[in-house]
Amino acid sequence: MPRLITRLPADDRTNGWSALLPKRTPRPPLEGEHSFDWVIVGMGYAGIAAARRLAELRPHDSIALVDSGEVGENASGRNSGFAIDLPHVPSTSAASVEQGRRAIRVNRFVMAELEKQIVAHGIDCGWARRGRYHAAVTAKVAASALDSYAANLDAWGEPYEALAGDALAARLGTPYYHSAIYTPGTCLMNPAALVRGLADSLPASVSRFEHSAVIEIEPGGAAPYVRTARGRIRFGKLILAVNPFAQSFGVFENRQIPMLLFASLTRPLTSAQLAKLGTDPSWGITPAHGVAGSTLRLTPDHRLLIRQGFEYSPSLSTNEARRSAARAQHAQLLAGRFGHLGHLGELEIEHFWMGWLGISHNHAPAFGQVSEHVYAAACCNGSGIVRHTAAGRLIAEHALGEHSELADDFLIQGTASYIPPRPLRDLGVLWTIRREQASGKAEV
Ligand SMILES: Cc1cc2nc3c(=O)[nH]c(=O)nc-3n(C[C@H](O)[C@H](O)[C@H](O)COP(=O)(O)OP(=O)(O)OC[C@H]3O[C@@H](n4cnc5c(N)ncnc54)[C@H](O)[C@@H]3O)c2cc1C
């Protein structure tokens with residue numbers, strides 16, 4: 001039975017990262033009747049990685065990569081730009097340590113692959129191994145989150161620096177944080193430039209169609225197809241790489257929770273302001289309290305980024321009042337950390353945007369074959385630059401019936417667990433988020 005896809009991504013053209021880049025001409029939309037061996041829906045890290053892997057393994061197959069918008073304007077281009085090598089595991093038990101060790105193998109493999117692509121295709125995205133500060137604002141969260149993280153790093157044999165007080169303030173240029181653990185392996189970049197570069201360097205066997213929202217899908221029967229406003233593709237196999245929008249396709253509806261995040265970039269700091277910052281010329285901070293805390297960066301072009309706001313968004317939409325409140329909160333939080341750089345007006349926000357992603361209850365990916373001809377990879381759990389590059393590559397291999405140790409490592413936690421349907425889900429998710437936000441309210 002054909003299914004209409006009614007909930008589509010809407011690009012509000014606010015992404016700050018792509019606004020800093022030269023204009024790009026998107027690929028033309030799909031028009032007319034086509035037939036491809038493979039169709040991949042979604043031109044983010046997952047869809048692009050799936051297309052690249054299929055093209056490598058099946059160089060004679062025809063592959064179509066379709067997106068409702070323009071590459072770089074999606075979550076893959078709107079994120080905070082942390083490609084993180086080290087996972088966070090639930091405890092310091094032997095099982096968690098082993099789970100983490102296997103996640104590290106996957107993450108490092110993927111980061112090395114991304115680096116190869118960046119070098120081979122000259123992708124100018126500012127990719128730099130700057131590491132990251134995993135930081136707590138309060139002693140309480142430092143004791144609960146950073147100590148166990150350090151214990152896991154010790155068990156994995158990973159190098160790190162524990163910093164606190166003045167030593168940390170001297171690096172970051174703010175006394176706001178109680179302490180942090182610095183690990184050197186995270187790479188920072190402009191994510192819009194990275195995802196654009198990855199898409200634009202795909203092999204010629206991958207036909208790309210932008211501004212081509214899939215509005216109808218016939219996943220089975222004698223002639224499965226996807227339809228857009230002006231075209232239709234009959235396919236042999238379909239890979240859905242649409243992250244939270246999988247629910248619109250009727251896939252992983254009871255496995256994935258759609259979340260809304262907000263981010264801001266200031267204008268470049270003046271040299272006088274920079275002189276009042278710390279010794280690190282650019283840095284990235286991830287919050288020790290994952291739900292309540294804020295992600296921050298000082299970018300190589302001297303802007304401050306803040307990512308704060310993590311809310312349940314089953315409708316995959318928001319409104320102007322919520323956006324304004326989130327933007328005002330960003331300004332206030334930046335002033336709280338960097339007030340000594342001058343009054344708030346000087347730190348003014350130049351770009352403010354939002355984006356959606358999917359999380360699961362057990363932090364595992366939603367991954368696998370969903371019907372005879374259809375495969376899907378969703379539920380990035382917030383670290384999709386690396387994890388969804390892996391998911392895309394592996395879902396392509398899975399669709400070809402290939403098995404690898406990398407896939408075993410990727411799926412070490414299993415797949416996303418069942419979540420009760422709405423409205424029970426709404427109550428459970430909202431209660432959990434409120435509880436987490438209350439426990440971390442001093443970490444914002
Ligand atoms: C504000 C923010 C900050 C983040 N920070 C980080 C970070 O620092 N590091 C990190 O690793 N991750 C981060 N993430 C998460 C990361 O961005 C995602 O995990 C990643 O982008 C997922 O990639 P994807 O390819 O699965 O999905 P997406 O990038 O969401 O791509 C899915 C694509 O599917 C397309 N699509 C959906 N429906 C249809 C349809 N009907 N027809 C055609 N196309 C369709 C969409 O247009 C979209 O382009 C952040 C996310 C946000 C929002």
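## A walk from the ligand outward

Helix 10 contributes four residues to the shell around the ligand, the most of any element. That makes a handy starting point for a tour of this predicted model.

Let's stay with the ligand for a moment. Altogether, 40 residues surround the ligand, and the closest of them are G44, N74, N79, G355 and G384. Several elements supply two or more residues to this shell: helix 2 (45-57), helix 3 (75-78), strand 13 (257-266), strand 17 (349-359) and helix 10 (384-399). Sorted by class, the shell holds 21 nonpolar residues, 16 polar ones and three charged ones.

Strand 13, one of those contributors, is a good place to go next. How much of strand 13 is buried? The answer is 10 of its 10 residues, so the strand counts as mostly covered. Cover is found on both of its faces: I257, M259, L261, A263 and L265 are buried on one side, while P258, L260, F262, S264 and T266 are buried on the other.

Strand 13 also has partners to look for. With strand 17 it pairs in the antiparallel sense over 10 bridges, and here you can find S264 standing opposite F352 of strand 17. With strand 16 (304-312), strand 13 pairs in the antiparallel sense over six bridges. In that pairing, M259 stands opposite Y312 of strand 16.

These three strands lead us to helix 9, for strand 13, strand 16 and strand 17 are among what covers the buried residues of that helix. Helix 9 takes in residues 320-338, which is 19 residues, and it reaches 27 Å from its first C-alpha to its last, close to the 27 Å expected at 1.5 Å a residue. Which residues of helix 9 are buried? They are A326, H330, L334, R337 and F338. Viewed down the axis of helix 9, these buried residues fall within an arc of 80 degrees, so they line one face of the helix. The spacing has a simple background: an α-helix has 3.6 residues a turn, so residues three or four places apart point the same way. On the face of helix 9 turned away from the buried side, you will find the exposed residues A321, S324, A325, A328 and Q332.

Now let's move to another set of strands. Strand 7 (residues 179-183) is mostly covered, with five of its five residues buried. Both faces are covered here too: S179, I181 and T183 are buried on one side, and A180 and Y182 on the other. Strand 5 (residues 132-136) runs antiparallel to strand 7, and five bridges join the two; A136 has S179 as its bridge partner in strand 7. Strand 6 (residues 161-164) runs antiparallel to strand 7 as well, joined to it by four bridges. There, L163 stands opposite A180 of strand 7.

Our last stop is a single residue, H211, in the loop between strand 9 (206-209) and strand 10 (216-218). Why does H211 count as partly exposed? H211 has 18 C-beta neighbours inside 10 Å, whereas a buried residue would need 20 or more and an exposed one would have 12 or fewer. Leaving aside residues up to four places away in sequence, H211 touches P26, P29 and G69. You can also look from H211 to T228: the two are 17 residues apart in sequence and 9.3 Å apart in space, C-alpha to C-alpha.

Key:
Residues are numbered from 1 along each chain as its sequence is written. This is a predicted model: local features need pLDDT of at least 70, side-chain atom pairs count only at pLDDT 80 or more; totals for chains, interfaces and linings use all residues. A residue is near a molecule or strand if its C-beta atom, placed from the backbone, lies within 6 Å of it. Ala, Val, Leu, Ile, Met, Phe, Trp, Tyr, Cys and Pro count as nonpolar, Asp, Glu, Lys and Arg as charged, and the others, Gly among them, as polar. The expected span of a helix is 1.5 Å times one less than its number of residues. The arc is that of the directions from the helix axis to the C-beta atoms. Two residues are in contact if their C-beta atoms, placed from the backbone, lie within 7 Å. Two strands pair if DSSP finds at least two bridges between them.
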